[in-house]
Each structure stands twice: as structure tokens, then as C-alpha cells.
Amino acid sequence: MTLFHQKFHGSLAVLAFSIAAFVAPVQAAEEKVLNIYNWSDYIGPDTISNFEKETGIKVRYDNFDTNEILHAKLVAGKTGYDLVVPSSNWAKIQLEGGLLMPLDKSKIPNLKNLDTNLMKQLGTMDPGNAYITPWLWGVTTVGINVDKVKAAIGGPLPENVWDLLFKPEYASKLKSCGISMLDSADEVFPAAMRYVGKPAYSKNSADYQVAANMLKNIRPFVTLFSSSGYINDMAGGSICVALGWNGDINIAASRAKEAKNGNNIVSLVPSTGAVLFFDTMAIPSDAAHPENAHKFINYILRPEVNAELTNKVFYANGVPSSTKFIKPEVASNKSVFMTPEDLAKMVPPEAVNNDIRRLRTRLFTTFKTGR
Amino acid sequence: MSTATTLIDKMVDRWGRRLVIGTPYLYLILVFSIPFFVVLKLSVSTSNDGIRFEDLTTFNDWVFNLTASFQKYRFLLQDDLYLNTYGSSLKFATINTLICLFIGYPFAYFMARSPVSMRPVLLMLVSLPFWTSYLLRVYAWRGLLDDSGTVNSLLIWLGAIDEPIKMMHTAFSMTVGMVYTYLPFMILPLYANLVKMDGRLIEAANDLGAGPMRAFWLVTVPLSKNGIIAGSMLVFIPSVGEYVIPELLGGPETLMIGRVLWDEFFANNDWAMASAVAVTMVILILFPLALFNKYQTAAVGRGTA
């Protein structure tokens, strides 16, 4: 470190620096900067500013809205980011490809706060929990505008709420009030596959054709493909059914409540199950400020900081002791903190190989373009 | 003394000329040729995990091996998605170019025929949109064309329609956005061409008995041919690969090569395939351009252009 700095400083500075380096080795060396790349609408209002105040580290915070974008940046390398938040099944590909840096657990004492069951689940993607720690987790599910949906279908909700999206008899009636789907094969296909009775992450290409045939029939009724804009569209009432993430749908519900526009939005917990996702903090292998990234991870894993995330964005977290800091209306929301019975019906995400990815993308393009 | 000066003058002359001519070549090599060859190389590379690429060339024990895979190009021909998308992109680019020409030509003609004192003002008005970010201007169309947007609200208020017309996320909204964005690129070269035209030629045509329409078709249009070509190229070429406008204003059913490239890079993480798609697009555009250029040069050579 000192050698590196000598090139850039005058001799006096070098002298001063050498003394400083002698007194406080290594720690003083890393620049007080941290570059974070996280999902949009995914952080508490004061999370960053409190960290900056406490540590004096200046945070630059950028957003993405699909795993694909983050993955492509990591593959290209030199992202400039020190902390990224991939979903666990993508992190598996990234850590196996050498794109992530193993964590120095001695620098993250708050790892002890983490839920052991959750860590076991992440262990299926990251053996020994060496690379990733949970940010928040949730489920890809169905969100509805209760009154508009009931009016459109003229009766009670179907037993299997996925029917609203995937059964032409319901979807055709809901077209007029707006149906939205996440704009990613990686999100739509696992849900569609389960609906047609196939494994969500099947390795058999014929299974995907079955799901594609089902999707083809409901394509005329889908009015929007969106992975972040649908929050406001739901809140504003131009979308009444969405295939989306539970937290996003709850954000839409709270925005509608704030706007007092009468849109009653609910994130449903399908009795037939849905696919979970686990978003995780990871450090790219070429990060310039790994020290600061470790500090940030440790900070996020504090119960009160973790609770602030959940309070703002309505996703469950991985720190059980944060419960006492969570607002009662969020803590009691069964779509955020699912009951053990509901949770048992959900399926965890898996990584797929390149061939299956290509097949899904291709079928998704056919689906979207309606050909 | 004087011979020395002329020698220095000659040196400056020769090297100065090389410097001036060399600058654009250097620029083209740096920002066009080198990146193109990087993409070309990627398109014939192979990778198992989509993260690390195999070496294209190896030199082991005095054996030089070159492994170039053209499987991506084969795949490109096998799956009709790609050909359909090229077709669709070229179609939209052609429509865009024609509309720009039909709106832009009278526009440029009017500017070129207006009083000299007015021209700088008109020119500034044409380039004024460039002062705001293009992303913002494209986004603004959403506010205008949305179901609850300005146009629909106005029409409903006027009683012309009861239900909002679906304009947003259709081929219509995309075309509007493309024409709006690329129109200045058509007007400016046309204007530069038309403003230089000798007005006496029209007078001569009139004297010889040609009416205004006849004079326009037989004199003005042929003389502005180079302006039409330049403007059409400036509009057509970037329209083919346009990504932002179709994403923001187009519908999910609009196939554009920009989106397919996105899918290859991001959704499939298949850089080789993405590169093959890009290379093929460049060839599709460059080949007719080169042919045209050859024809054009020959025409100039014969002195008929």
C-alpha cells in the first residue's frame, strides 16, 4: 500500500504517510468510498446516510432492475462497484465463474444475527456461505387491485390465484383493467412452469414448450411487461393484476394508500405455492474497496438497520432479532412474513444452464411478440 | 536562405496535409475498425460458462492453431427470429426515413427559400431540440400519447372520442418517436444542399415553359439528390439499430434488432451470439452502402452526378 502511494505523493507526504502507515497499518489505506449496485426501490430512507455519518465513507448508490443487467456487468468486469446484490441462483453462477470475492468473516461479526435456516438455503448455492449474505428475500407472486378484479371477473377469486394470470377465462376479463408481467424470462417461466405442473427450473426442454403453449393462449390479455414501472401503474390503477414481487406489490399498496385514490392493492399468497427469491450481498472479485464493503455488510446485518429495510420496502429479511424494530402493520402482513404453512408450499430458486436460459429467452420473445 | 524557407514550407505543406488527412483516418481506425474487429473476434469465439472465452489462437510446440467457430452464424440462419427481426428493423427504418423525407424536404425547401436574415433563426429552431436530452424528449411522448395522456384527454374533452385511443406502446407511438427524433438529421443536410442551389436555374426552366411543379421535379429534386441521399443515410442507418425509442415507446410485439441484441447479451449472456448478430447487421447495412457508393463514384467519374 505504501509503495502504491509513494508514486503519487511528494517526499514530505511520503514521510508523513510512512509514519501514519506504521502507526495504523492497512486500515487507513483504503479510500473512504463505497460504490453500491442494488435493485431499485430496495433500501430504507436513512440506510445510506446513517452509514455515511457513522463511518465517514462516501457511498455512491446505483440501481438495476433485473439480474441479467448485473450479471452482464460482472462478466464484463471492472464494474467499479464494491458491493452488488445478485439473487442467490445468479450468485451461484457468478461465484463459480470467479466473479465474486470470498468474504472475510472475521470482519463481519454480525453474521451471528442471521437466521440459520435461511443460511442453510443459501448454502445450496454457496457452499459454506463463503461469498454471499442475505439482503432481503421474497416471492414472485400475484398482486391484485381487489375491487377492480372482483368487478371484472364478476365473482369471488379463484381457488388458485394463478388462474387470474394464466387461465384465459379469467385473464380475458381482466384485460380491460390491465395485466402486467415482469419483463424477464427468468421470472415468468418458473411461475408458468409450476402452473402447468412442471418443475419450475426443469432441465427438460420439452417441459418449457408446454409452458410456452399455455402462455401463448393468454398473451392477448397481457397489457404491460415491466419489472419496475408496474409499481406506480398498480398504485395509480392502470394495472389490476400483476405478476410481480411481493414487496413491490406492497409498495404499490402503500403508495395507493398515501395517495388516497381508493385503489386497494393486495399481494396474494398463492395456496398452490410460488417461487421464492433470495437477494444477497456480494463483493465483486475486482472491487476497489472491499474493506468498506465488509463494513457495510456488517452494518446492514444489525437488527435495527435490517428492520429499516423491511419497514420501507416490505420484504422479509434474514435477521430474526430485527422483528422487534419492525412496524406492526408490516410485521402482521402475511405476504411479507409468511406463515410456516405458507412458506412450506413455496419453492426455492435454482440456477439453470446456458442452454435452458437460451430456450427460455427464445420462448419468452415468442410469447411477448405474440407470434 | 530562400531555398531553406521553401524547403521548410514544403515540409510543413507535406506533413501538414498528412496530419489533416490522417486525423479522420486515425479516428475511424480507433473508434470504428478496432471495436468492429473486437466484436468480430468475439462472434467466432467459444465459451462454456459464458464468462471465460477460449483462446482463438494457440502456439504450442511450434504449432500455430486458429480456432474460429462459425456456429453462431449457422444458428442465426437456422432460427427465423433473427431474419424476421432484421426484416422488421429494416422495415421500420425505411418507414422512418420516408416520413422524415416527406416532412423534411418541404421544411428544408422553405428554410432555403426564406429571406437570408431569417435563415439563422430557422436553423436555430431546427437544432433547438438538441439542447434538451434526447431521452427526456422521447420520454415526454409518453405523457402525450398515454391512455390518460394529453392527446387522449383533449380528444375526450372535445367529445371526439369516448374511450381513450390506444396509442402508447404500439408501432404508431414508436414511429412518432423515431420521426420526431431523426427529423433534424434529414432537414439539416437537405437545407445545406438546397440553400446553395442557383435560383436562376428555376428561372431558366420557367422561361423554357416549365410550370412550377415541372421545374421542381426536373430541376430542384435532381439537383438536391446528394442532400436527399445524405439525409436519408443519416436517418436510416441509426434507425436500424435504434434501441432506446423502441424500448420506451414501442410495444412488446415490435421486433427490433436492438432488443434481440439486449436479450443475447443480458438474458442469454451469450456474447458470441450477440456479436454475431451485430456483425451481421453491420454487413447488412454496409454492403448496400458500399455498392451504392461505388455506383455514385462511377457516376461522378462520368460527370453525370
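These are my notebook entries on aromatic rings and the charges that sit over them.

**Entry 1: the search.** I was working with a predicted model. I searched the whole structure for aromatic pairs and found 31 over all chains.

**Entry 2: a pair across the chain.** I picked out Trp39(A) and Trp245(A), which form an edge-to-face pair. Their centres are 5.6 Å apart, with 80° between the planes. Planes over 60 degrees apart count as edge-to-face, so this pair earns the label. I then looked up where the two residues sit: Trp39(A) belongs to strand 1 (residues 33-39) of chain A, and Trp245(A) to strand 8 (residues 241-245) of chain A. They are 206 residues apart, so this pair links distant parts of the chain. Buried or exposed, I wondered about Trp39(A) and Trp245(A)? Both are buried.

**Entry 3: a pair within one helix.** Next came Phe296(A) and Tyr299(A), whose ring centres lie 6.0 Å apart. Their planes meet at 45°, so I wrote this pair down as tilted. Both residues lie in helix 14 (residues 290-300) of chain A. They are three residues apart there, about one turn of the helix. I checked burial here too, and both Phe296(A) and Tyr299(A) are buried.

**Entry 4: a cluster.** I went back to Trp39(A) and Trp245(A) and found them in one aromatic cluster. Other members include Tyr37(A), Tyr42(A), Phe64(A) and Trp135(A).

**Entry 5: charges over rings.** Which residue has its charged end over the ring of Phe225(A)? I found Lys368(A) there, 5.6 Å from the ring centre. In chain B, I noted Arg142(B) over the face of Tyr139(B), at 4.9 Å from the ring centre.

Terms used. Residues numbered from 1 in each chain as written. Chains lettered and ligands numbered in written order. Predicted model: local features only at pLDDT ≥ 70, side-chain atom pairs only at ≥ 80, totals over all residues. Heavy atoms only, no water. Phe/Tyr/Trp six-rings, centres within 6.5 Å; stacked < 30°, edge-to-face > 60°. Helix = DSSP H or I, 4+ residues; strand = E, 2+ residues; numbered from the N terminus. Buried < 20%, exposed > 50% of the residue type's maximum accessible area, 1.4 Å probe, protein only. Lys NZ or Arg CZ within 6 Å of the ring centre and 35° of its normal.
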